Amino acid sequence: MRFVLAHVAMACVVAATGAAHAQEAAGTLDKIQSTGKVVMGVRESSAPMAYAFGTKQKYVGYHVELCEKVLAQIVPKAKIEYMALTSQNTMPLVQNGTVDIGCGPTTNNLARQKQVAFAVTTYVSQVRMAVRADSGITSFKQLDGKPVAASAGTTAVQLLRKYGRDNGVNLPTSLGKDHFESFLMLESGRADAFVLDDNLLAGVIANSKNPAGFKIVGEVLGSEPIAILFRRDDPAFKKAVDDVLVGMMASGEVAKIYDKWFVQPIPPKNAPLNLPMSDLLKQLLQKPNDKPLESYAQQ
């Protein structure tokens, strides 16, 4: 009897594995067509790229809007199901197919390319720090031995460590589970700086209790290509997403959406971030590519 049960259990495992491989082989577009829905990975606290607000947790932002417009073109009949992700779980949930398209502020780098695929770059961030406006801090070297906040799972953590090693600076870093928790460390005085992409810092500051009480300063630790992501080894889905994005770049639609989220007032406080498009991003909209972070570091 045990022998029979063992064989039954093994058969179930083989069947489940076979089904997973079959779904993987079918591709994301086929999966969406068969289920009638597409799972979009978003963030809850990454304004202006992707964030939630309001009692019904409506998800909005630059990358959310780009993804919605892409999906309206390639899978117009599919229902969008939003799934809140964190910096830590984005890779595994996209990699295993739980999420069909990741629309948070995710950096494209070589290590992550081994797990997922990226669309053409739609934003280039600069990693800097937010400090209290009256702190007098203007350089990372002034943080030697002082507490620094960063969000777990972000590339800012590695860049901070590298800066510390290269410059002989001790940067004791506390990790928040998300950007709100990290900013709270700065706001409450438990940290002297919060290190993150400039656009996300601007978003957190604009939506804080006292936006005038904080400013973005310091050296640029790195320029990072930010892109929409999806499962690897699915060239048909990547081509579909890239084709729509490149068309939107050529028509000027991406620039209009950028202006809406980075220059104009945004919810929930209707405060503008006043972050005009960088020259580098303007160049990328003219000549789109999906190059990883490492190619920027070499420039």
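Q: Which residues line the second largest cavity?
A: In this predicted model, the lining is made of Thr28, Lys31, Gly97, Val99, Asp100 and Arg231. The space inside is about 40 Å³.

Q: What makes the lining of the second largest cavity divide by class as it does?
A: Lys, Asp and Arg count as charged, Val as nonpolar, and Thr and Gly as polar. The lining therefore divides into one nonpolar, two polar and three charged residues.

Q: How many cavities of 30 Å³ or more does the structure hold, and how much space lies in the largest?
A: There are two at that cut-off, and the largest holds about 150 Å³. It is lined by 17 residues, and Ser87, Pro105, Arg112, Thr154 and Thr155 are the closest to its centre. Helix H4 (90-95), H6 and strand E11 (193-197) each give two or more residues to this lining. By class, you will find five nonpolar, eight polar and four charged residues there.

Q: How do you know that cysteine 67 and cysteine 103 form a disulfide?
A: Their sulfur atoms are 2.0 Å apart, and the cut-off is 2.5 Å, so the pair qualifies. The count for the structure comes to one disulfide.

Q: Why is this disulfide called left-handed?
A: Look at the torsion about the S-S bond of cysteine 67 and cysteine 103: it is about -100°, so the handedness is left. Cysteine 67 sits in helix H3 (residues 62-74) and cysteine 103 in the loop between strand E6 (101-102) and helix H5 (110-113), so the bond ties together parts 36 residues apart in sequence.

Q: Is cysteine 67 buried or exposed?
A: Buried means under 20% relative accessible area, and cysteine 67 has 0%. Cysteine 103 is also at 0%, hence buried.

Q: What makes the ring pair of tyrosine 51 and phenylalanine 53 tilted?
A: This is one of eleven aromatic pairs. The ring centres of tyrosine 51 and phenylalanine 53 lie 6.5 Å apart with planes at 35°; stacked would need under 30 degrees and edge-to-face over 60, so tilted is what remains. Tyrosine 51 is buried at 3%, while phenylalanine 53, at 25%, is partly exposed.

Q: Why is the pair of phenylalanine 140 and tyrosine 163 called tilted?
A: Its planes meet at 50°, with centres 5.4 Å apart, so the pair is tilted. Phenylalanine 140 lies in the loop between strand E8 (123-132) and strand E9 (148-151), and tyrosine 163 in helix H6 (residues 155-167), 23 residues apart. Both fall under the 20% limit for buried: phenylalanine 140 has 0% and tyrosine 163 has 10%.

Terms used:
Residues are numbered from 1 along each chain as its sequence is written. This is a predicted model: local features need pLDDT of at least 70, side-chain atom pairs count only at pLDDT 80 or more; totals for chains, interfaces and linings use all residues. Side-chain values use heavy atoms; hydrogens and water are left out. Helices (H or I, at least four residues) and strands (E, at least two) are DSSP runs, numbered from the N terminus. Buried means under 20% relative accessible area, exposed over 50%, partly exposed in between (1.4 Å probe, protein chains only). Rings of Phe, Tyr and Trp (its six-membered ring) pair if their centres lie within 6.5 Å; planes under 30 degrees apart count as stacked, over 60 as edge-to-face and the rest as tilted. On a 1 Å grid over the protein atoms alone, a cavity is a set of points where a 1.4 Å probe fits but cannot get out, and a pocket is an open set with protein on both sides within 12 Å along at least five of seven lines; lining residues have an atom within 4 Å of a point. Grid points are joined across faces, edges and corners, and a volume is the space filled by probe spheres set on the points.
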